[in-house]
Amino acid sequence: MDASVKQHYLADSPPSVVRLEIKSHFDTLKDESLRRYAHYMSRAAFEGTRVTLRQVSPESEPIYDLILALHRACNGDWKSLAQKTQVSDEDLRYFLEYAAQFLGNCGNYKGFGDSKFIPRIPASALEALSSSTSETKEAFQKANSTGGGIYETNEQSLMHLGYPTDGHMTTYYPDSPTITKDEITAIGDLMEKKGLALENTRIRKTPSGDFELLIASGVANPPVKDRDLGETDTFELDGALKGKTLRLLFGDYKEEMAKIAHNIKLAEKNAANDNQKKMLDAYALSFGAGSIEAFKESQRIWVKDQKPALETNLGFVETYRDPHGVRGEWEGFVALVNLERTRAFGALVDSAESMIPKLPWGKDFEKDKFLSPDFTSLEVLSFACSGLPAGINLPNYDDIRQNLGFKNVSLGNVLSAKAPNEPIPFIAEKDQEVFRRCRDPAFEVQVGIHELLGHGTGKLLQETAPGEYNFDIANPPISPVTGKPVSTWYKPGQTWSSVFGAIASSYEECRAECVAMVLGCDFEILKIFGFGNGTEDMAGEAGDVLYAAYLQMARAGLVALEFWDPKTQKWGQAHMQARYSILRTFLGAGDDFVKLSYTKEDLSDLEIHLDRSKILSHGRPAVAQYLQKLHVYKSTADIEAGKGMYDEITSVDSWWGSQVREVVLKNKVPRKVFVQANTILEGDKVTLKEYEPSLEGMIQSFVDRNV
């Protein structure tokens, strides 16, 4: 790999390490049973750490073991280890920076971006650092020889997650370098017909050309009554795969799933109500026996558990990192309710029915009744994942969302976490003050609308069973995009993700972001969050927040190019692909609403110029027109039109992909690494242990978590 290209894959130096502040909120939690509930659910979430690591790359778990082994070798006295092994202070710092970033991303590929990062410490120096004990020597050898290894950069395609046949890294299809997209699709179609969801699965292609579906479960042979497909475990494939078989194999991540289920059963003893107990029973069955139907039942009950003092959810949830967009990555969180901020979100929920008609589609493309969700502002106690989000809208199952509802949460201490003196490239000097002052409230409004009225709106037109429809098939709805009756819809067994496949996650994030940009211009919503008096006033406080929101989105669309790989022509992050398309929409709104301004040939003085006076007249209408197409194509399962439009607007030409991307990379700001607290159980009492927001503090938090 060219040295200048390789430079972009080096670990951040230094990474931006911040503490996830929770102590003041945890201290208000006086009920010991609630504290124990929080402790055991946190343990359940973190027991899945090794699952997430194995879902990233073959070498991620050995690298994790190396970090832990090195800590054991010096009991956290890193300087003494460096002195003993004759490693320089600089190289030691490079290792600690890499370790903190690795732990923050739960693997050696960025949780936000899906590209590999490698240590700045030379391999020889890391080998020397690992020479102090036989355990550390062995751990280094394994970490640097498994999979792509710590330092492997020769094959650039392996520097990104993606399909095996494209040469990319993935462990969702282990030991299967020749498995094709068509084979993955064919197996998915068969399982869809059989009614088996795939979030907790991986696929292995055997040397004979047959296939194994690996199902995450705490036991290798769960009782037939607990399985989603009963006793059948072998299926004959047809079509292009005729003559081949698919065999179900339980027990993937067996040890970890058993520990997760065990901690959930301990949490159940401290549950606050019967709903929570039933939810935890379903969780334990799902993770023990590998049943997604049991997991879906846990989510149905979770939706009904309104306004708990502690909120928690865990499982194989988001499908961003499976190149096929179907299989979920392990994650789990426990969080405490922030009552003051929750009141604002409650008012937003109350306003939802009056806001939804302002969106650019008619009632035929919207649920008959908006199911008011529980919308809560949370302070995260623990979040086991490859990257903390700012907000969440769950569950991800459309049948539950449309029939029972969903929950929205905004993660307050993630939103508010800041590194000191954080630079903000591409924002003009004249806009720096208002941007710094208003970006947090603007983002909170954006996240709220994105989760509630973005992911929470919309109807999928479906043939729910042969000959049965959830719309009038004799008089199909008129598409506001074409002016003609719709001619496509979801067939029995089809889902949003199965139809839209690999683009589904990014496309849906884009739709939700566009809803936030359209309704974020509504001054009644801004008033709900405490800005302005509800009247249109671009010059006042509400106008400042709205201006910051549009500036923030434009800047996000620009820095998104960090997550575009020109060699593979691949986007590495769903949200950033979406934000790039929204920037393109801003630039196409006309009358210089948004311009990328620069005077130097190398674009080194590139700035975003956004005309505040044209947000309502040009920005909002342009986004609304784009949103209408996104929404209608999704509602009607029109993959041909939807994919064609989305591929076009997220395409990156040579100017964007070389010149603009180069200046973006030169101004890259390290993504935050969050140091989380741990709960400690002594007898029946639970206490909180916090850590310094430092490289050493990050490592220590994982060491304590791993006991």
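## Close-up views of a predicted model

**View 1. A salt bridge joins Glu-135 and Arg-72.** The side chains of these two residues, Glu-135 and Arg-72, meet with 2.5 Å from N to O. Where do the two partners sit along the chain? Glu-135 belongs to helix H9 (residues 134-143), while Arg-72 is part of helix H5. They are 63 residues apart, so the pair links distant parts of the chain. Side chains of opposite charge can pair when their charged atoms come close. As you explore, keep in mind that this is a predicted model. A search of the whole structure finds 39 salt bridges.

**View 2. The protein is divided into three parts: domain 1, domain 2 and domain 3.** Domain 1 is made of separate stretches of the chain, 3-18, 49-157 and 689-705. Domain 2 covers 181-254, and domain 3 covers 423-667. If you step from the centre of domain 2 to the centre of domain 3, taken over C-alpha atoms, you cross 37 Å.

**View 3. The largest cavity holds about 170 Å³ of space.** Four cavities of 30 Å³ or more turn up in a search of the whole structure, and here we look into the largest of them. Its lining is made by 16 residues. Which of them lie nearest the centre of the largest cavity? They are Tyr-9, Ser-115, His-160, Glu-562 and Arg-661. Strand E13 (564-565), strand E14 (570-571) and helix H25 (654-666) are the elements that each give two or more residues to this lining. Sorted by class, the lining of the largest cavity has five nonpolar, five polar and six charged residues. Domain 1 and domain 3 each supply at least three residues to the lining.

**View 4. The second largest cavity has a volume of about 70 Å³.** Try finding its lining residues one by one: Leu-196, Ile-215, Arg-227, Asp-228, Leu-229, Gly-230, Thr-232, Asp-233, Leu-248, Phe-250 and Gly-290. How many of the lining residues are nonpolar, polar and charged? The lining of the second largest cavity has five nonpolar, three polar and three charged residues.

**View 5. Four strands form an open sheet.** Reading across the sheet, the order is E2-E3-E5-E4, and the pairing is mixed. Which strands lie at the edges? Strand E2 (201-205) and strand E4 (234-236) are the edge strands, and each pairs on one side only. On average, neighbouring strands of this sheet are turned by 25° against each other, direction ignored. Look next at E2 and strand E3 (residues 211-216), which pair in the antiparallel sense over five bridges. For a residue to follow by eye, pick Arg-204, whose bridge partner in E3 is Glu-212.

**View 6. The second largest pocket has a volume of about 450 Å³.** This pocket is lined by 21 residues, and those closest to its centre are Pro-58, Thr-170, Thr-171, Pro-174 and Asp-175. Two elements met in earlier views return here: helix H5 (60-74) and E2 each give two or more residues to the lining of the second largest pocket. Which element gives the most? H5 does, with three residues. By class, the lining of the second largest pocket has eight nonpolar, six polar and seven charged residues.

Technical notes
Residues are numbered from 1 along each chain as its sequence is written. This is a predicted model: local features need pLDDT of at least 70, side-chain atom pairs count only at pLDDT 80 or more; totals for chains, interfaces and linings use all residues. Side-chain values use heavy atoms; hydrogens and water are left out. Domain bounds come from an automatic or database domain assignment. On a 1 Å grid over the protein atoms alone, a cavity is a set of points where a 1.4 Å probe fits but cannot get out, and a pocket is an open set with protein on both sides within 12 Å along at least five of seven lines; lining residues have an atom within 4 Å of a point. Grid points are joined across faces, edges and corners, and a volume is the space filled by probe spheres set on the points. Ala, Val, Leu, Ile, Met, Phe, Trp, Tyr, Cys and Pro count as nonpolar, Asp, Glu, Lys and Arg as charged, and the others, Gly among them, as polar. Two strands pair if DSSP finds at least two bridges between them. Axes are lines fitted to C-alpha atoms, for helices over the stretch in contact, and angles run from 0 to 180 degrees between N-to-C directions. A salt bridge is a side-chain nitrogen of Lys or Arg within 4 Å of a carboxyl oxygen of Asp or Glu.
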